[in-house]
Amino acid sequence: PAALIPHLKLLKALGVQEAPSAQWLLDCLAHVASETRGRCLDVNHRAAVLQVLGLLHGLSLPADQAVVAVANKAGKLFVLAADGQLCEASRAVALTPGGGRLLGRIDSSQ
């Protein structure tokens, strides 16, 4: 917010970042996945997960993309399933009228 601009130097000294890191976003997803394992997410958690996934998809630095790729291969990238639960992205399947396909990544085509 504009009101914090005069305090920008202090905020940066305290470790505040302009945008969350890829690892922090992945940790958020992992925390929600562990806290809700086997249960459907409520509407607030679903909205938060979608925001985190949107931020992860928008990462443009190669280092951030590498962190996401490693997490995906390790089964530590989670996506929202149709039943409202989180599932590993490497096991996610997109169902279409013609069948299904393994996504294994964040699908931004929708």
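In this text, helices are DSSP runs of H or I with at least four residues, and they are numbered from the N terminus. With that in hand, we can place a residue we will come back to: Asp64 is found in helix H4. Please keep in mind that the model you are looking at is predicted.

Let's start with the overall plan. The chain contains four helices and four strands. If you walk along the chain from the N terminus, the elements come in the order α-α-α-α-β-β-β-β. Of the 110 residues in the chain, 25% are buried. The chain exposes about 7700 Å², and 60% of that area is supplied by carbon and sulfur atoms. Now think about contacts with a separation of 6 or more in the chain: residues 24 or more positions apart account for 50% of them.

Next, let's visit the loop between helix H1 (8-13) and helix H2 (22-35), where Leu14 has its place. Is Leu14 buried or exposed? Its relative accessibility is 64%, so Leu14 counts as exposed, because the cut-off for that word is over 50%. Leu14 also joins Leu10 and Val16 in making a nonpolar surface patch of about 310 Å². Ala19 is found in the loop between H1 and H2 too. With 47% relative accessibility, Ala19 counts as partly exposed. What lies across from Ala19 in space? One answer is Leu59: the two residues are 40 apart in sequence, and their C-alpha atoms are 10.0 Å apart.

Leu59 also brings us back to Asp64 in helix H4. Leaving out residues up to four places away in sequence, Asp64 touches Ala22 and Leu59. Here is a useful idea to carry along: side chains of opposite charge can pair when their charged atoms come close. What does Asp64 do? Asp64 is buried yet has no salt bridge, and the nearest side chain of opposite charge, that of Lys12, is 15 Å away. A salt bridge needs a nitrogen of Lys or Arg within 4 Å of a carboxyl oxygen of Asp or Glu, so a distance of 15 Å to Lys12 does not meet the rule.

Which side chains do meet in a salt bridge? Those of Arg91 and Glu88 do, with 3.6 Å from N to O. By this rule, the count comes to one salt bridge. Looking at the two partners, Arg91 counts as exposed at 63% relative accessibility, whereas Glu88 counts as partly exposed at 25%.

Now let's move on to the loops that lead into the strands. Ala74 sits in the loop between helix H4 (62-73) and strand E1 (78-80). Its relative accessibility is 47%, so Ala74 counts as partly exposed. The C-alpha atoms of Ala74 and Ser90 are separated by 8.9 Å, with their positions 16 residues apart along the chain.

A little further along, Gln85 is found in the loop between E1 and strand E2 (86-88). How exposed is Gln85? At 23% relative accessibility, Gln85 counts as partly exposed, because buried means under 20%. Which residues does Gln85 touch, not counting those up to four places away in sequence? They are Gly38, Arg39, Cys40, Leu41, Val79 and Leu80. Arg37 gives another way to see how the chain folds back: Gln85 and Arg37 are 48 residues apart in sequence, but 7.7 Å apart in space from C-alpha to C-alpha.

Finally, a word about cysteines. A disulfide is a covalent bond between the sulfur atoms of two cysteines. How many disulfides does a search of the whole structure find? The search finds zero. Two cysteines you can look up are Cys28, which is partly exposed with a relative accessible area of 24%, and Cys87, which is partly exposed with a relative accessible area of 24%.

Notes. Residues are numbered from 1 along each chain as its sequence is written. This is a predicted model: local features need pLDDT of at least 70, side-chain atom pairs count only at pLDDT 80 or more; totals for chains, interfaces and linings use all residues. Side-chain values use heavy atoms; hydrogens and water are left out. Helices (H or I, at least four residues) and strands (E, at least two) are DSSP runs, numbered from the N terminus. Buried means under 20% relative accessible area, exposed over 50%, partly exposed in between (1.4 Å probe, protein chains only). Contact means heavy atoms within 4.5 Å. Accessible areas come from the Shrake-Rupley method with a 1.4 Å probe; for residues, only the protein chains shown count as cover. Patches are made of residues with over 30% relative accessible area and no salt bridge: like charges are joined within 9 Å, nonpolar side chains (Val, Leu, Ile, Met, Phe, Trp, Tyr) within 5 Å. Lys and Arg count as positive and Asp and Glu as negative; His and the chain ends are not counted. A disulfide is a pair of cysteine sulfur atoms within 2.5 Å.
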